[in-house]
Amino acid sequence: MLGTALLSLPWATATGDPAPLLTALFTATSATCVTGLITVDTATYWSLFGQVVILGLFQVGGFGIMTGATLLGLLISRRMKLGRRLIVQAETKSLQLVDVKGVLMTILWVTLTFELAVAVILTFRFHFGYGEPWGVAAWHGVFHSVSAFNNAGFSTFTDNLMGFALDPLVLFPLCAAVIVSGLGFPVINELLTEWRTPERWSIHAKLTLLGTGGLLVLGFLGVAVAEWNNVGTFSDMSAPAKMLNAFTHSVVSRTAGFNTVDVGQMRPETLFLTDGLMLIGGGSAGTAGGIKVTTFLLLGVIVWAEVRGRSDVTAFRRRICPDAQRQALAVVLLAVGLVGVSTLAILSLTMHPLEKVLFEVVSAFATVGMSTGITASLPPTAQLILIGLMFVGRVGTITVAAAMALRARHVPYRYPQERPIVG
């Protein structure tokens with residue numbers, strides 16, 4: 001609401017005319033939910049003030065509302081009361097109360113360090129490599145650095161990163177920021193404190209790292225094979241450039257939303273692969289969206305245990321508690337159901353093909369922000385659906401479902417057990 005109000009001000013647009021309410025609301029939601037979908041060109045439609053507001057929104061959205069507020073209070077008072085500690089433990093997915101303060105400080109210093117380092121690299125590259133004045137180069141560097149680390153996907157260039165498709169000095173720093181932030185802050189904190197003893201890493205950290213590495217490789221190979229000779233994307237590039245862009249797409253499609261080629265020209269198989277990568281997303285308790293890597297791998301572990309006839313679901317010589325298994329199933333089913341219903345609703349409102357509508361819906365729900373170019377042409381009702389998807393995708397399906405459900409209460413009885421036929 002605050003972002004919508006600020007972006008509705010006359011001086012938030014380049015023309016000086018107030019932005020339509022839906023445009024301001026869509027942009028504010030996309031920024032706060034670190035998505036990156038846009039209905040107007042960020043570079044030309046919004047003024048410097050408007051772009052600063054957008055940057056502020058996705059920085060706050062990346063931190064997390066309660067995390068940012070608590071971190072500010074912690075820096076001022078140096079103390080954290082138990083109630084606030086419990087709230088932040090829930091938002092940051094810290095496993096123990098003693099971890100909360102460490103995770104918070106990790107969030108602060110890792111965020112500032114990476115954003116500053118990437119901003120400096122990009123500033124020098126934009127100045128010396130593209131002749132931008134220092135002030136302009138610094139603004140572009142800071143904006144893209146913060147956007148990448150928060151997995152927002154917003155860009156101050158009209159064609160996003162297509163102008164830098166052949167420049168590894170721009171793409172690699174951005175990819176590094178996306179990958180690190182996409183691990184999730186608890187994993188980053190664990191790696192920093194236990195980097196010498198990987199055998200002591202938690203099962204969450206191991207699943208996140210394994211899933212992230214596997215999906216990066218799978219995405220790279222899939223995109224490279226599908227797009228290698230595609231006239232609309234990779235065909236005119238050299239082999240190293242094709243591999244650079246395949247890797248970049250694999251990285252950013254899991255949550256960041258930048259694009260170095262025209263996504264609308266990609267082959268259907270690439271779009272479908274990207275749908276899967278977007279829906280899975282990155283690590284928990286970070287800036288990434290999607291159902292999360294650990295959720296996806298946990299489902300695989302459950303299926304593998306069932307196929308082998310094991311009574312316990314295990315991974316890395318640890319049993320997975322039943323609560324985590326039920327939560328993983330609930331997250332995936334709610335996500336698939338929401339994506340399916342939203343896709344059907346938007347298909348009934350537009351003439352766009354299924355593959356593009358599904359891509360847009362998954363991108364919104366997974367807070368990725370990648371688009372085939374149909375966002376601005378969608379009718380207001382369809383854009384409102386995307387706004388809802390971005391909000392639910394960022395807050396979490398379980399959180400929204402719990403908030404909408406009746407108040408939980410203990411039931412002092414259990415019904416007789418019966419087993420239905422499955423499969």
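**Internal cavities of a predicted helical model**

The largest cavity in this predicted model is lined by Val178, Ile179, Gly182, Leu216, Val251, Arg254, Thr255, Gly281 and Gly282. The space inside this largest cavity comes to about 60 Å³, and the protein that encloses it is built with 18 helices and 2 strands. In total, 2 cavities of 30 Å³ or more are counted, and the points below take each of them in turn after a summary of the whole protein.

**Whole protein**

- Of the 423 residues in the protein, 49% are buried, and the secondary structure consists of 18 helices together with 2 strands.
- Among contacts with a separation of 6 or more, 68% join residues that stand 24 or more positions apart in the protein.
- The protein has an accessible surface of about 20900 Å², and carbon and sulfur atoms account for 67% of that surface.

**The largest cavity**

- Helix α9, which spans residues 168-182, gives the most to the lining of the largest cavity, contributing 3 residues.
- Sorted by class, the residues that line the largest cavity comprise 4 nonpolar, 4 polar and 1 charged, and Arg254 is the charged one among those listed for this lining.
- Glycine appears in this lining at Gly182, Gly281 and Gly282, and these glycines fall in the polar class under the scheme used here.

**The second largest cavity**

- About 30 Å³ of space lies in the second largest cavity, whose lining is made up of Gln59, Gly62, Phe63, Thr111, Phe149, Asn150, Phe185 and Thr287.
- Helix α4 supplies the largest share of this lining, namely 3 residues, and the helix itself runs over residues 48-63.
- By class, the lining of the second largest cavity holds 3 nonpolar and 5 polar residues, with no charged residues.

**Phe63, a lining residue in α4**

- Phe63 lies in helix α4 (residues 48-63) and is one of the residues that line the second largest cavity.
- Why does Phe63 count as buried? The relative accessible area of Phe63 is 19%, and because buried means under 20% relative accessible area, Phe63 falls into that class.
- Phe63 and Ala285 are separated by 222 residues in sequence, whereas their C-alpha atoms are 9.7 Å apart in space.

How values were computed: Residues numbered from 1 in each chain as written. Predicted model: local features only at pLDDT ≥ 70, side-chain atom pairs only at ≥ 80, totals over all residues. Heavy atoms only, no water. Helix = DSSP H or I, 4+ residues; strand = E, 2+ residues; numbered from the N terminus. Buried < 20%, exposed > 50% of the residue type's maximum accessible area, 1.4 Å probe, protein only. Contact = heavy atoms within 4.5 Å. Areas by Shrake-Rupley, 256 points an atom, 1.4 Å probe, with all protein chains shown as cover. 1 Å grid on protein atoms, 1.4 Å probe; cavity = no way out; pocket = protein on both sides within 12 Å on 5 of 7 lines; lining within 4 Å. Points joined across faces, edges and corners; volume = space filled by probe spheres on them.
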